[in-house]
Amino acid sequence: MSAETPLESDQVPGYVDGSAPEYVLYEVLKDLCLNNAKHFESHDNETGLRLHGAFLALIDHVETVKPAVDYVRKEAPSYDFDENTPGNGYASFVSVVDACIRHGVKLCKQVCINRDSFFFRASYYMREVEACSHLLASLVTCLAHLRQLMEWSEPGELFPSGDHSPQDLLAKAESINQYCFYGRCLGFQFCESVQIVLKAISIAMASYSDVYYGEGGFVSRATNTVWNGGKYFMDPELRARRIVNISQYADVQFCKSFWFLAESEVMQRLPMIVCPALVVNKVISIPPEPLEHTKPDGSVIQIPIPTVHIGPQPLLVRLMSAVWREGMVGEAAGKTDTRPPSPALIFHCHGGGFVAQSSSSHEPYLRDWARRLGVPIFSIDYSLAPEAPFPRALDELVYAYCWALKNCHLLGSTAQRVVLVGDSAGANLNMALALKCIELGLQPPAGLFMAYAPVLVSFVPSPSRLLCLMDPLLPFGFMMRCLKAYASPKDTQGKLVNSGATSVDETPELAEMGSTAANDAVEAEAAFEAVEACFSTQPNGVPATGSDTESFEEVSESDLAALAALSVGGMTARQLLQPEADQITPMRYVLDMDIDSEGHQIPVLRACPGEVAEENVIFQVGQRVDGYGFQERVTQMADSLASTVSSSFSSLLASKASSPTNSNECDTPRSTWSQLDALMQRSPTEEFQFSVPRDPFLSPYWASDDVLKQLPPVSVLSSQFDPCLDDCVMLAKKLRGLGNNVTLDVLEGLPHGFLNFSLLSKEAHEGSKLCVKRIMNLLKMEPSPDGSPEKSPI
């Protein structure tokens, strides 16, 4: 085949018509590899020999992958939503292989240009070429698994037709070399602006795991973060091993903790600096009170207070608006530019794998949306798994939705057109909410916008779900553990939690009292929260803590009476549900010494539960911290630490000076790896052997056709390399087959969760603007030329 052969504009770059399709870039890569292999054939040093072997191996892998990817490329279009919306898991893998070929061509060209230079870094390029060769070999294995998935599935179906257990997906994952996806080639398939972000996140994840699983104290682990970050930046292979081990063996609490870094003080202040300013950005606390909802037919229904798993709790929501509206919470008196209530309302539900994040971590794009739409955004901070698994979050969304309809005047809206908007886990919850509205006969939403939504919360294998094997944001193990925490939780006894039963955080005394006493305790807790909310708010409506949280709870006489009079077993409900300080087992941290990797002594802080001399305690944290925020704990720790460091500094220098320069322990494995090593003793395959109930409110894809037909207009958006892409495509195809009004968009080069990168990536920002356009269509709004809310008709 000649390189001068003309190419058709509607074909894949490099594709030439013929009986046996071939690709120009594949041949170019082979030629470059052969040229480089001949150059290094005469080298007799180890680096030259390994380069020669790596180029020959790369040629073999190109020959192997070409027929495999050609078969998938031909079949992939039959799985698309329509010819105008190409995109599915099979096509995504084809794009991944093409991206790998482009990466190889670029790398081989660099070697050809620089190999005769005096400054040629032979060892660096040797590792780069070997990494590319391993990457292509792993993709060959992936393509073989895709052929198997095609055989399991009906024509045009992305989910297998038969019964295939999670072990089928796990078996495929274990046979693929994942290390090559997280090392030197990390993020090669994504657009360039996203690659930089993903690399930084991966380094942060690996470094944070050292801190999280380290044996040392808070100070030593925190100070080692910078050093570890440098190691993972300079050594991609070390980073890859760490990330794969974390993905396979780290528990869901690590996922939760790492993703909650987006809730840190620095990250919370970032939107205030770089994002559009909003006139209203308030957190509202909705009390757990009886709520009535008037149906469209005029009948009244009682909305139950969410109580499952963790008992009744206040529900936090965030109101965001770029313009003042009449009656809106926080409206300044005497404002001359106050507008009438908007007929529209955005009901937003954030993502985070059901286990992490909040409306605050999604502010970067929500602020931009509020400005472009000019419509109030009502975002829900629902309770998170594993402490509050299914169906707690859904119950809270139903309660918040009905509360918003009843109190829409406080939100600056008449709620004539309410559009449900969510991303990832939030999109799943919002679709389940729409199904609940149909079941209960509630006022239906005007539309449903879903971004990269997992609508089938089950371990059914699909081609796009195999993409999580190479996804830095949503690795395979993270996805599995998040779904397990939300859909199939276990209690401390290892028994499945009854998701339909009301539960509270019981102390041993409460467990002995019986159901009547337990109910009384729950009622008293609600009363206590009412009084507490009342006395923590200043006369001007601003909480005494200085936060932006506002409470609309009114304390009734019955609440006060219940709080004052009720006691169970000689104890008040508050004592039962929130133990006093002497009932909390403190975790105290004392100064100690440890041995680093070079055999030197280093200062560390060690956790010492129990009694410790007060003069040796740096700080202490209660094992139980109900109602005690993370920021307050960090502040307490920092204050105590600051007063101790100055007196300890001289002793630390003395210990460092007296440490031996040579030690026989320098070859001992680092203690910071021991906790993760302990987790690695178990098999991840055994951990993921559990069942997920076939519940349409858990997996909306399983809802009956009769119910799905009643859904409002639906707009679905996903990305090319999103592990949930097949969920979105199959849902859109199913709704279209039922006659629903549905649209689907598949964005190129972007990962799952790209909305959170809208400030860092041009492509992600363009994707966010497309989301705004789709929401406007659901609201039946006409976009203004500059996107300003002042020109919006609503």
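Which helix gives the most to the lining of the largest cavity? Keep that in mind as we walk through this structure, which is a predicted model. The answer is helix α12, spanning residues 392–406, which contributes three residues to that lining.

Let us stay with the cavity for a moment. The count comes to one cavity of 30 Å³ or more, and the largest cavity has a volume of about 50 Å³. Its lining is made up of I286, P287, P288, I305, P306, Q313, L315, R392, E396 and Y399. Sorted by character, the lining residues are seven nonpolar, one polar and two charged.

From here we can move to the strands, starting with β8, which covers residues 377–381. Five of the five residues of β8 are buried, so the strand is largely enclosed by the rest of the structure. If you look at the directions in which the residues point, I377, S379 and D381 go one way from β8, while F378 and I380 go the other way. Residues on both sides are buried.

Which strands pair with β8? One of them is β6, residues 315–321, which pairs with β8 in the antiparallel sense over five bridges. Within this pairing, V317 has I380 of β8 as its bridge partner. Another is β7, residues 342–349, which runs parallel to β8 and is joined to it by four bridges. Here you can find F347, whose bridge partner in β8 is F378.

Strand β7 also leads us onward, since β7 and β9 pair in the parallel sense over seven bridges. A good place to spot this is A344, which stands opposite R417 in β9. Strand β9 itself, residues 413–423, is mostly covered, with eight of its eleven residues buried. The trail then continues to β10, residues 447–451, which pairs with β9 in the parallel sense over five bridges. In that pairing, L420 stands opposite L448 in β10.

Now for the aromatic side chains. The structure holds 25 aromatic pairs. Why is the pair of Y212 and Y213 edge-to-face? The ring centres are 4.9 Å apart and the planes stand at 80 degrees, so the pair of Y212 and Y213 counts as edge-to-face, given that an angle over 60 degrees is the cut-off for that class. Are Y212 and Y213 buried or exposed? Y212 is partly exposed, with a relative accessible area of 25%, whereas Y213 is buried, with a relative accessible area of 3%. Both tyrosines belong to a cluster in which ring pairs link Y208, Y212, Y213, F254, F258, W259 and F478.

Rings also meet charged groups in this model, and two places are worth a look. K436 lies over the face of F697, at 4.5 Å from the ring centre. The charged end of R736 sits over the ring of F81, 4.4 Å from the centre of that ring.

One last stop is R481, a residue of helix α14, which runs over residues 476–487. Because its relative accessible area is 2%, R481 counts as buried. Which residue, 226 residues apart from R481 along the chain, has its C-alpha atom 8.7 Å from that of R481? That residue is C255.

Methods: Residues are numbered from 1 along each chain as its sequence is written. This is a predicted model: local features need pLDDT of at least 70, side-chain atom pairs count only at pLDDT 80 or more; totals for chains, interfaces and linings use all residues. Side-chain values use heavy atoms; hydrogens and water are left out. On a 1 Å grid over the protein atoms alone, a cavity is a set of points where a 1.4 Å probe fits but cannot get out, and a pocket is an open set with protein on both sides within 12 Å along at least five of seven lines; lining residues have an atom within 4 Å of a point. Grid points are joined across faces, edges and corners, and a volume is the space filled by probe spheres set on the points. Helices (H or I, at least four residues) and strands (E, at least two) are DSSP runs, numbered from the N terminus. Ala, Val, Leu, Ile, Met, Phe, Trp, Tyr, Cys and Pro count as nonpolar, Asp, Glu, Lys and Arg as charged, and the others, Gly among them, as polar. Rings of Phe, Tyr and Trp (its six-membered ring) pair if their centres lie within 6.5 Å; planes under 30 degrees apart count as stacked, over 60 as edge-to-face and the rest as tilted. Buried means under 20% relative accessible area, exposed over 50%, partly exposed in between (1.4 Å probe, protein chains only). A charge sits over a ring if NZ of Lys or CZ of Arg is within 6 Å of the ring centre and within 35 degrees of the ring normal. Two strands pair if DSSP finds at least two bridges between them.
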